[in-house]
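Here are a few exercises to work through with the model open. Try each one yourself before reading the solution.

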Amino acid sequence: MGSLTSYLIYFIIPMIFGFAIQAWLRSTFNANSQKPIATGKTGAEVAREILDRNGLRDVPVQMSRQGALSDHYDPRTRAVALSEQVYAGRSVASTAVAAHEVGHALQHAHGYFPMSVRAAIWPVAAFGSQAWFILLIAGFFLNLAGLVMAAVVIYGFVVLFQLVTLPVEFNASRRAAAQLQDFGLVTNAGEVAGVRQTLTAAAMTYVAGALAAIGQLLFFLSMFLGGRD
C-alpha cells in the first residue's frame, strides 16, 4: 500500500469523520438547548437531584471555567463539573449532559470495571500522548528501531485508553437516560428523543477519537515497522 494511500485511509478519512461528528454534536446540542425542559430545572439542579437520590450527597456539582462543552466528572476530586451553559441551562440539552456526567459519578460509586481500567491506564496514556511522537521522530532520524518500537508501544496505551473510554461513555449515557425517566426529569416523548439525540452525538465524538487514534497507530506501524514504499 502506498504511503499516500495509507495517509488518506489512516489520517484524512478519520479526521474528516471527526470534524463531521463535532459539527453534528454542536448542532444537536444547540438545537436541544433551545428546547425548554418541562421541569424547569437547571442542569445543576438535575445533577444534584440524581446524585442525592442515589445517596451521593457528598459529590459536589460545580461550574466548569473551561468553556463550552467542558462538562466532566473528575474521579480524583469526586466532583461533577458542568459548563456554564449546562449548569444554568433549563433545556433538554443541559438536562441530558448533566445526567451523563452524573452517570460517571454513579459508575465510580458502583465500582464500574471499565472505569477502573481507564483510571489505571490514564497515567501511562497521559505521558504517552506527550512523549510518543518525540521518541518516534528521534528513532526515525537516528535510525534506531528500538526507539521507534518504544514510541509505538507507548502510543498503544493511548489507543487502549481511547478504546476503554468507549464503554465508559456509552454506559454513562445509558445510566443518564434511565435516571432521567425513573425520576420524572423528562416528561414526554419529545424530551426523551432530545436527550437521546444529545447523548448519542456526544458519544460519537469518542468513537471518532478512537478511530483517529487507531488510524494514526496503524499508519506509523505500516510506515516504520512494515517498511516504506
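**Exercise 1.** Find which residues Leu82 touches, leaving out those up to four places away in sequence.

*Solution.* Keep in mind that this is a predicted model. Start with the contacts that come earlier in the chain: Leu82 touches Gly43, Ala44, Ala47, Val61, Gln62, Met63, Ser64 and Asp71, among others. Then go further along, where Tyr87, Ala98 and Glu101 join the list. Contact here means heavy atoms within 4.5 Å.

**Exercise 2.** Work out which residues touch the most other members in the largest nonpolar core, and which elements supply it.

*Solution.* Begin with the members: the core has 33 residues, and Ile50, Leu51, Val80, Leu82, Val102, Leu180 and Val195 touch the most other members. Next, sort by element: α2 (43–53), β3, α4 (92–110), α6 (145–182) and α7 (189–225) each supply at least two residues. Now pick the top contributor, which is α4 with nine residues. Finally, look elsewhere: apart from this core lies another, of 14 residues, including Leu136, Val148, Ala213 and Phe219.

**Exercise 3.** Lay out the strand order of the open sheet and say why β1 and β2 each have one side without a neighbour.

*Solution.* Step one is the order: three strands run β1-β3-β2, and the pairing is mixed. Step two is the edges: β1 (61–63) and β2 (72–74) each have a single partner strand, so one side of each is left without a neighbour in the sheet. Step three is the twist: neighbouring strands are turned by 30° against each other on average, direction ignored.

**Exercise 4.** Determine in which sense β3 pairs with β1, and do likewise for β2.

*Solution.* Take β1 to begin with: it pairs with β3 (residues 79–82) in the parallel sense over three bridges. Along this pair, Gln62 has Ala81 as its bridge partner, and Val61 stands opposite Val80. Now turn to β2, which pairs with β3 in the antiparallel sense, over three bridges. There, Asp74 has Ala79 as its bridge partner. Between β2 and β3 the hairpin has four residues, and Arg78 takes a positive phi near 55°.

**Exercise 5.** Are the residues on the two faces of β3 buried or exposed?

*Solution.* Check one side: Ala79 and Ala81 are buried. Then flip over: Val80 and Leu82 on the other side are buried too, so both faces of β3 are covered, with buried meaning under 20% relative accessible area.

Terms used:
Residues numbered from 1 in each chain as written. Predicted model: local features only at pLDDT ≥ 70, side-chain atom pairs only at ≥ 80, totals over all residues. Heavy atoms only, no water. Pairing = 2+ DSSP bridges. Axes fitted to C-alpha atoms, helices over the stretch in contact; angles between N-to-C directions. Buried < 20%, exposed > 50% of the residue type's maximum accessible area, 1.4 Å probe, protein only. Core = buried A, V, L, I, M, F, W, Y, C linked by side-chain atoms within 4.5 Å.
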